Amino acid sequence: MLRSWSKGAVRALVRPSRPVLPRTREIAIHASRRAVQNNAAPTTDRVPLRKQLKQDAKAIRAQKRLRKESEEASRQDWELTVGIEIHAQLNTAAKLFSRAPTSISDTPNSNVALFDLAFPGSQPEFQAATLLPALRAALALNCQVQTVSRFDRKHYFYQDQPAGYQITQYYEPFARSGFVDLYDYDGIAPEDGDRVRVDIKQVQLEQDTAKSQEYPPATQLLDFNRVSHPLIEIITMPQIHTPATAAACVRKLQAILLACGAVTTGMEMGGLRADVNVSIRRRGEGPGQYQYDGLSGLGQRTEIKNLSSFKAVEDAIIAEKNRQIAVLESGGVVEGETRGWTIGSTETRRLRGKEGAVDYRYMPDPDIPPLILGQDLVSSLRESLPTSPDSLVAKLTGPEYGLSIDDAKPLIELDDGARLEYYLDVVDILRTPSPDLASPQAQVPLARTAANWVLHELGGLLTKADRAWSEEIVPAQALADLVQNLNQRRITGSIAKQVLAAIFEGDSRPVSRLLEEDNLLLRPMSREEYVALAQEVLAQRPEMVEQIRSKNQHGKIGWFLGQMMRMGEKGRVEASKAQEVLHELILSTP
Ligand SMILES: Nc1ncnc2c1ncn2[C@@H]1O[C@H](COP(=O)(O)OP(=O)(O)OP(=O)(O)O)[C@@H](O)[C@H]1O
Ligand SMILES: [Mg+2]
Ligand SMILES: [Mg+2]
């Protein structure tokens, strides 16, 4: 179908499937095994495998210790400074200046308007709907929204940018002067204390570039579906001084953007990319000669572009800091540069000298009128802003849910917020009034049990099967039914795990039917049955019973309990009742 915005004839991109990277731990294990095999010539001094592995582990520990010590030493001598630029793809249906859809997963080059390809004579049509996610982001980042802002042209020549310039907001961005607070639970470096506030200089609207795919030696294919996808660039002040806090800052910004609905995908899916700017200065020496937006005394910065994971942010900063220290300690000078980083690498690499504002020849775009924003729009968006990640942490760890921070954080962060949605659905179902509803006091334990099942039991199955998250694998209703049955002691924990695994594998029967048909409901054992079973296991080791009685070795009761669980009918023995009967028979009978 020929759409008015898709007449550009552009070579299609063949999208190769994403390579599956082996996990680093696996690489390490394989590498050491291979080393052992290579050394396995039939010599008399061959090192046994276990010994070799132990030696390898010791060497790795020593290496880590050395690295930590040298980090510590360099931290005392040098101060690191980092400022971050985040590019986030906004959650909008259309591009920034055309009505072409933003869907980038469609056939390559199928969602492109003439303006996106810079066809002569085509004109920009600003898509006002872009403002909604952009403003939500700015408000969630505590920015001051500007009543008037404008678009500028930033010139550079590269095939992913058909106009020869990017439309951005350089002189008058739509939002300024925000901040993001990072807490210890966000994973900031311990030396940064409980909280770090990072100021946000500005947030600007701009166009994304086309996606290029290299086929060396001579082919590069371009997919213009991404060109002119609306982006915001968030620019932090250079106020971060540790690599871990820089990574925590990007993670937090992503969480905030997802929570307020400004974006739909995070770094994993390419919806967010970070550039980090790194400089160092020697402690105790005079101030550096560089300044940024009123903050002076800084060292010369280099910029590492296009980082696509939190780990890459942290690792690239560590590598670049070490490189700059080595340059300065050997009497060299740090050049203002744009550098690159490859995952798994230990060094950043020079891409080009850093362009300055002059190189970009910024100029106001003559074809796009200023953006004038009414305060009524801003206030109504502010009022309807969804809960922030910090408020979510407070809510989940507060009296309503009572979760630990260790459970609350992954719930909020996993699967771009989808895991939390699912968890809240499960809890909502559990709390829906019903005749046998747990009392309000029981709601916290129920919420905790639900978190355990969503994160650890269901999460464990996902990890084991190496499957991506989907709320459809085990519907929220099914998990809630399972937790409810467990809570009401209609099934045992091990049966609940067995049923969860069955549903995970595709059993689509409602939980109640599954439990009935497979005869899994707990048929409570009578007291007589518990006593008979206990007597049977006690008779197996009378000498142990004697020891418990005479020497007060109560810890040994656990062995008998284990025997009762094993010997009893599957799924019928309740540990607490079995223990009670054991205590009674052993301790109160002389
Ligand atoms: N001396 C410095 N050390 C560390 N970071 C710095 C230093 N000076 C500036 N920065 C950081 O560098 C970033 C500069 O971003 P900005 O978008 O203003 O300029 P740019 O990098 O030249 O632009 P672009 O890369 O978009 O063309 C900010 O995050 C700022 O905090
Ligand atoms: Mg920038
Ligand atoms: Mg930059």
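## Helices on the sheet

Helix α5 lies across β1, β11, β14 and β15 and runs at about 30° to β11; axes here are lines fitted to C-alpha atoms, for helices over the stretch in contact, with angles running from 0 to 180 degrees between N-to-C directions. Helices (H or I, at least four residues) and strands (E, at least two) are DSSP runs numbered from the N terminus. The structure is a predicted model, in which local features need pLDDT of at least 70 and side-chain atom pairs count only at pLDDT 80 or more, whereas totals for chains, interfaces and linings use all residues. Residues are numbered from 1 along each chain as its sequence is written, while chains are lettered from A and ligands numbered from 1 in the order in which they are written.

## The mixed sheet

An open sheet of 9 strands, with mixed pairing, follows the order β2-β6-β7-β10-β1-β11-β14-β15-β16, two strands being paired if DSSP finds at least two bridges between them. Its edge strands, each pairing on one side only, are β2 and β16. Helix α4 (residues 243-259) packs on this sheet and touches β1, β6, β7, β10 and β11, its direction making about 115° with that of β6; contact is taken between residues whose C-beta atoms, placed from the backbone, lie within 7 Å.

Towards one edge, β2 (residues 144-145) and β6 (residues 175-183) are antiparallel and share 2 bridges, with Q144 opposite R176. R176 also stands opposite Q202 in β7, and β6 pairs with β7 (residues 195-207) in the antiparallel sense over 8 bridges.

## From β11 to β16

Strands β11 and β14 run antiparallel and are joined by 4 bridges, V276 standing opposite I304 in β14. Strand β14 (residues 302-307) runs parallel to β15 (residues 337-340), to which 2 bridges join it, and E303 faces T338 across this pairing. T338 likewise stands opposite R352 in β16, where 4 bridges connect β15 with the antiparallel strand β16 (residues 349-353). Together, β14, helix α5 (residues 310-329) and β15 make a left-handed β-α-β unit, a crossover being right-handed if, with the strands pointing away from the viewer, the path from the first strand over the helix to the second runs clockwise.

## Surroundings of ligand 1

Around ligand 1 there are 19 residues, of which G83, P238, N277, S279 and L298 come nearest; a residue is counted as near if its C-beta atom, placed from the backbone, lies within 6 Å. Strands β1 (78-89), β10 (230-236), β11 (272-282) and β12 (290-292) each supply at least two residues of this shell, and β1 gives the most, with 5 residues.

How values were computed: Two residues are in contact if their C-beta atoms, placed from the backbone, lie within 7 Å.
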